[in-house]
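Trainee: I would be grateful for a close look at one part of this structure, namely its aromatic rings. Please also explain how that part is to be set within the chain as a whole.

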Amino acid sequence: MVRNTAAIAGPQLAGLGLSFLLSVVVARWLGAAEFGTYTYVLSWVAVLALASVFGVDTLLVRHAASYSSVAAWQLLWGLLRWANGLVLVASVTIALMVASAAPHLFGGAHRLSPATWLFAAALLPLTGIARAQQAALRGLHRPALSQLPEMVVQPALMLAVVIACVGAGPRSAPRALLAHALTLGVAVAVALWLVHRSLPPAVRFAQPRYEHRLWLATSFRFFLLGGVSVLNSRIDVLALGALGSPAAVGPYSAAVRGAALIPLALDVAVVAMMPRLAGLYAIGDHATMRSLVRRMSQLALLVGIPVAAVMFLAGGQFLSLFGAGFGDAEPALRILAVGQLVNIAAGPVATLLVIAGYERDAVIGVGASAVVNALLSVALVPQWGMNGAATAAASGIALWNILLWWRVRRRLSISSTVLHTERPR
């Protein structure tokens with residue numbers, strides 16, 4: 001676990017550093033108001049991209065790993081072609097809908113220019129294809145390479161473009177979105193090349209076989225889980241932008257970024273170890289699986305608790321890195337940190353349910369959390385602003401982790417926390 005996690009932690013930590021530096025530079029370049037608009041639109045892109053990917057990313061991780069393990073090259077080649085085709089058609093369709101409808105639905109209410117939504121629409125196909133290639137690399141047991149395009153290449157190029165634009169022309173969210181789209185396009189090209197290089201030669205010469213019904217049904221379940229998960233993670237930002245102003249999203253998004261550092265070790269371990277956990281479950285090695293899950297939870301707490309302490313004690317200094325006006329989100333940062341502590345304490349609960357085939361339990365748990373998150377956001381954001389959004393988000397994070405932890409114990413007889421309290425079979 002340490003070896004695999006360390007292998008993927010390198011590019012992911014490098015990407016995290018680049019992403020954080022990029023956020024600081026973009027925030028200082030655009031200012032709080034335009035940075036809020038930029039983040040608000042990217043949040044919509046993240047939500048709509050889930051529909052274009054349609055659960056194919058998780059499907060690729062699970063099935064590509066299985067097919068490559070048993071040398072089922074025909075099915076692997078068919079899966080890759082089917083997944084890329086589905087994502088491309090769905091993402092282009094949704095992008096056209098956004099380009100035509102979004103300016104009329106959102107432009108007047110939030111004074112966002114049509115160019116803003118056009119660049120957002122261009123991001124949708126690129127985001128969908130990038131996620132599909134990243135998932136394919138993970139399924140092909142290339143977790144470290146899977147992180148390079150999105151975590152390293154894109155933010156590095158974006159940072160170079162933004163630095164070059166400082167002092168050259170007006171600062172605006174549409175310009176930042178255009179730079180994001182151009183650099184993501186380069187990252188997608190790199191990802192496609194990496195997938196091509198990672199395929200065994202036998203795959204490219206195999207006659208593709210398709211299991212359309214199985215793949216579509218499975219990807220739909222993953223789509224429901226991924227959709228409600230991403231929506232749950234973005235409801236606070238969307239509610240703050242819709243019920244308040246996109247400008248308010250700027251300081252709040254900095255607080256969200258700070259809180260996201262707390263479960264970083266768990267996130268890295270999940271990306272690195274999901275194929276391994278799936279293989280252990282498939283062969284029935286539950287003892288090794290339990291031990292691996294417990295080690296992942298220990299790693300998450302070992303890293304996450306000190307980070308949370310920093311956010312509680314020095315949150316204001318952290319937020320000041322983004323520029324003037326961002327320190328107002330310090331109370332929101334502390335609230336979000338509480339929710340993330342519950343997240344790492346619960347362990348990789350959603351991952352365990354997915355690899356065991358209990359996606360329905362995960363969807364129900366995260367869906368219930370999303371409903372609570374949405375209701376609290378509507379009730380609290382108009383009155384408390386950023387603090388209301390943070391309270392709703394932290395409540396949602398805590399709720400779905402508690403619900404899924406309970407389902408993992410019931411379904412798998414595994415405790416996903418550091419405590420060795422497996423439920424007897």
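Mentor: A residue is called buried when its relative accessible area is under 20%, exposed when that area is over 50%, and partly exposed in between. With that term in hand, please note that the model before you is predicted. By the definition just given, F35 and Y38 are both buried.

Let us stay with these two residues. F35 and Y38 belong to helix α1, which covers residues 2-53, and they stand 3 residues apart there, so about one helical turn separates them. A search for aromatic pairs through the whole structure returns 11. In the pair formed by F35 and Y38, the ring centres are 6.3 Å apart and the ring planes meet at 35°. Planes under 30 degrees apart would count as stacked and those over 60 as edge-to-face, with the rest called tilted; the pair of F35 and Y38 is therefore tilted.

A second pair offers a useful contrast in description. The ring centres of F318 and F322 lie 5.8 Å apart, and the planes of these two rings are at 65°, which means that this pair is edge-to-face. F318 and F322 are both buried. The two pairs also belong to one group: ring pairs join F20, F35, Y38, F318, F322 and F326 into a cluster. When you examine the picture, you may therefore look for F35, Y38, F318 and F322 as members of that linked set.

We may now place the cluster in its setting. The protein chain contains 15 helices and 0 strands. Its radius of gyration is 21 Å, close to the 22 Å given by the globule rule for 425 residues, so the chain is as compact as a globular protein of that length. Along the principal axes, the C-alpha atoms fill a box of roughly 55 × 50 × 35 Å. Of the 425 residues in the chain, 52% are buried.

Some of these buried residues can be located outside the cluster. A332 is found in helix α12, residues 330-346, and its relative accessibility of 0% makes it buried. From A332 to D361 there are 29 residues along the chain, and their C-alpha atoms are 30 Å apart. L238 lies in helix α8, residues 212-243; with a relative accessible area of 10%, L238 is buried as well. The C-alpha atoms of L238 and L266 are separated by 26 Å, the two residues being 28 residues apart along the chain.

The end of helix α1 leads to a point about the backbone. Most residues other than glycine have a negative phi. F54, although not a glycine, has a positive phi of about 55°, and F54 is situated in the loop between α1 and α2 (56-69). H141 is another such residue, since it is not glycine and its phi is positive, near 65°. The loop between α4 (114-139) and α5 (143-165) is where H141 is found. With a relative accessible area of 41%, H141 is partly exposed.

The helices on either side of H141 bring us to packing. Two packed helices are described by the angle between their axes and the distance between those axes. For α4 and α5 the angle is about 165° and the axes are 7 Å apart. Angles over 145 degrees count as roughly antiparallel, and α4 and α5 are therefore roughly antiparallel to each other. Their crossing is right-handed.

A further pair is made by α14 (residues 359-384) and α15 (residues 386-412), whose axes come within 8 Å and cross at roughly 165°. That angle makes α14 roughly antiparallel to α15. The crossing of α14 and α15 is right-handed. In the contact of α14 with α15, the residues comprise 17 nonpolar, 9 polar and 3 charged. V381 has its place in helix α14, and V381 is buried, having a relative accessible area of 5%. V381 and A392 are 11 residues apart along the chain, with 8.6 Å between their C-alpha atoms.

To return to your request, the rings to keep in view are those of the cluster formed by F20, F35, Y38, F318, F322 and F326.

Notes:
Residues are numbered from 1 along each chain as its sequence is written. This is a predicted model: local features need pLDDT of at least 70, side-chain atom pairs count only at pLDDT 80 or more; totals for chains, interfaces and linings use all residues. Side-chain values use heavy atoms; hydrogens and water are left out. Axes are lines fitted to C-alpha atoms, for helices over the stretch in contact, and angles run from 0 to 180 degrees between N-to-C directions. Helices (H or I, at least four residues) and strands (E, at least two) are DSSP runs, numbered from the N terminus. Angles under 35 degrees count as roughly parallel, over 145 as roughly antiparallel, 65 to 115 as roughly perpendicular and the rest as oblique. A crossing is left-handed if the near helix is turned anticlockwise from the far one by less than a right angle, and right-handed if clockwise. Ala, Val, Leu, Ile, Met, Phe, Trp, Tyr, Cys and Pro count as nonpolar, Asp, Glu, Lys and Arg as charged, and the others, Gly among them, as polar. Rings of Phe, Tyr and Trp (its six-membered ring) pair if their centres lie within 6.5 Å; planes under 30 degrees apart count as stacked, over 60 as edge-to-face and the rest as tilted. Buried means under 20% relative accessible area, exposed over 50%, partly exposed in between (1.4 Å probe, protein chains only). The radius of gyration is taken over C-alpha atoms; the globule rule is 2.2 Å times the number of residues to the power 0.38.
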